[in-house]
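Hi,

Here is the structure I promised to pass on. Have a look at it first, and my notes follow underneath.

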Amino acid sequence: MSPIYTWQDFLDMTRRRLGVIAFVIIAGCFASLYWAMSYVHQYQSSEVIQIEQPKIIDDLARSTVEGSSARRLQLIQQQLMARASLQSIIEKYDIYANLTALKPSEKVQLLRQAVTINGVAAARDGSSDDGAISVLTITALMEKAELARDVAHEFAEQTRALTAAQRRDQTVQTLAFFQQQEQVVLENIASLEAELETYRTENDLIIGGGVEFRLSEIAQLNEAILDLDREIISTQLARTQIDRTTRASTVEREERELDTQLQTLAQQRTLLDQRRSALRATIQGSPEIQRTLADFDRRMEQLRTQLEVIATRRNQAQVGFNLEVGAQGERLTTIEEAQVPDFPVTMSKKKRAIIGAMGATGLAFVIAWLLELRRPVIRSARQMERETGILPVVAIPELAPKYQSSKWRSAREKRREAGKAGRAARLARHS
């Protein structure tokens with residue numbers, strides 16, 4: 001059964017256990033003072049970075065840096081929280097120098113926990129969430145106010161530097177990739193042209209153009225040969241109609257002129273006929289050659305289409321590179337620089353001492369109550385009536401001798417008797 005039910009029981013317990021309660025409270029107060037004085041305050045400093053959108057809209061000049069700012073900042077945060085990066089910051093500012101017993105890995109873990117990077121999402125454009133971040137807050141929690149300011153500013157500086165380097169590297173790599181691809185396609189076109197020229201030479205395909213072009217040229221040659229045939233016939237007819245009644249020298253001169261004209265027309269017809277035969281030979285050549293030439297044309301068309309697409313993308317990459325070089329793209333600017341905090345963010349030492357004293361007081365009464373539970377004795381008529389339901393007629397107090405009522409009184413009486421005996425012995429010797 002529990003001996004504490006009423007306020008009178010509590011006061012009675014306090015009177016009986018006053019020594020234990022006082023001892024625990026005094027010891028707890030001293031422990032609280034030591035705990036409060038040995039605790040090191042923590043100072044917090046924050047730097048706020050605003051993520052500015054590109055000055056030129058994407059419809060006019062599109063950036064080659066794709067992906068949401070949240071993903072890019074997450075990658076940068078992972079780089080900042082890497083072991084090598086944190087160790088360099090610890091060595092630069094001599095952080096945790098007083099904690100000589102800590103290993104480097106433990107110091108890195110402490111710095112990871114002391115620095116937080118939080119982003120605030122930008123307002124949505126309609127119902128879609130593009131993952132854009134508008135504000136980035138970097139907070140450092142350190143034992144010294146100046147150190148908290150320096151660490152927060154260092155992380156902010158590295159965040160800006162890594163962001164700029166990341167965007168610049170991405171645009172440079174994108175531009176270099178498309179330039180390389182364009183050069184590869186140009187080399188492939190030149191190689192295909194050289195291969196086509198070699199194939200034409202090996203197969204005596206000296207006449208260029210397609211089949212339709214060659215057919216139209218053959219038709220033109222046929223008309224030209226037909227005109228030459230008409231002129232030849234006309235010239236031959238004119239030679240037969242020479243007036244031979246005139247002088248012989250005149251007849252001979254006219255025949256010579258007409259023969260020269262006929263010879264010239266015949267040579268022209270021969271050349272045109274050879275040209276027509278060559279065109280017919282190319283048209284009526286092997287089907288394998290025609291398929292090979294068509295394959296060359298198809299491959300060349302594909303390369304030219306590919307070159308056009310790559311050239312367009314290279315121009316876009318060049319525009320994105322110019323935007324990043326000219327600082328016209330997305331930028332990180334500080335809107336609130338980290339300052340030296342005026343007050344610590346941890347609880348004051350006075351409050352800690354008071355809380356410790358209050359805890360010691362509560363612990364003292366709990367200990368006293370536990371001691372009462374170990375010996376649940378009925379100590380008063382009120383407890384007797386409450387526990388058994390029997391009302392005692394009379395309560396007889398403990399009639400112990402006065403010197404036995406307390407250990408202190410018993411020891412005092414013994415010292416007093418010993419003193420009297422000593423004085424009597426000294427008086428007997430002197431007499």
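Tyrosine 96 sits in the loop between α4 and α5. This is a predicted model, by the way, so please read everything below in that light. The odd thing about tyrosine 96 is its backbone: phi is near 60°, a positive value in a residue other than glycine. Its relative accessible area is 12%, so tyrosine 96 counts as buried.

Aspartate 94 belongs to that loop as well, the one between α4 (83–93) and α5 (104–114). Aspartate 94 is not a glycine either, yet has a positive phi of about 55°. Buried or exposed, then, for aspartate 94? With a relative accessible area of 55%, aspartate 94 is exposed.

Next, the sheet. It is an open one with 4 strands in the order β2-β3-β1-β4, and the pairing is antiparallel. Which strands stand at the edges? Those are β2 (115–121) and β4 (331–336); each has a single partner strand, so one side of each is left without a neighbour in the sheet. From one strand to the next, the twist averages 25°.

Inside the sheet, β1 (residues 43–52) and β3 (residues 133–142) run antiparallel and are joined by 8 bridges. If you want a spot to click on, glutamate 47 stands opposite isoleucine 138 in β3.

The loop between β2 and β3 holds alanine 132. Alanine 132 has a relative accessible area of 15%, which makes it buried. Its C-alpha atom is 10.0 Å from that of arginine 72, although the two residues are 60 apart along the chain.

On to the aromatics. How many aromatic pairs does a search of the whole structure find? The search finds 1. The partners are phenylalanine 177 and phenylalanine 178, arranged edge-to-face, with 5.3 Å centre to centre and 70° between the planes. The cut-off for edge-to-face is over 60 degrees between the planes, which is why this pair gets that label. Phenylalanine 177 is partly exposed at 43% relative accessibility, whereas phenylalanine 178 is buried at 15%.

Last, the surface. Leu363, Val366, Trp369, Leu370 and Leu373 make up a nonpolar patch there, and together they have about 420 Å² of accessible area. One of them, valine 366, is in helix α10 (residues 349–374). Valine 366 is partly exposed, at a relative accessible area of 42%.

Cheers

Conventions. Residues numbered from 1 in each chain as written. Predicted model: local features only at pLDDT ≥ 70, side-chain atom pairs only at ≥ 80, totals over all residues. Heavy atoms only, no water. Patch = residues over 30% accessible without salt bridge, like charges linked within 9 Å, V, L, I, M, F, W, Y side chains within 5 Å. Areas by Shrake-Rupley, 256 points an atom, 1.4 Å probe, with all protein chains shown as cover. Salt bridge = Lys/Arg side-chain N within 4 Å of Asp/Glu carboxyl O. Helix = DSSP H or I, 4+ residues; strand = E, 2+ residues; numbered from the N terminus. Buried < 20%, exposed > 50% of the residue type's maximum accessible area, 1.4 Å probe, protein only. Phe/Tyr/Trp six-rings, centres within 6.5 Å; stacked < 30°, edge-to-face > 60°. Pairing = 2+ DSSP bridges. Axes fitted to C-alpha atoms, helices over the stretch in contact; angles between N-to-C directions.
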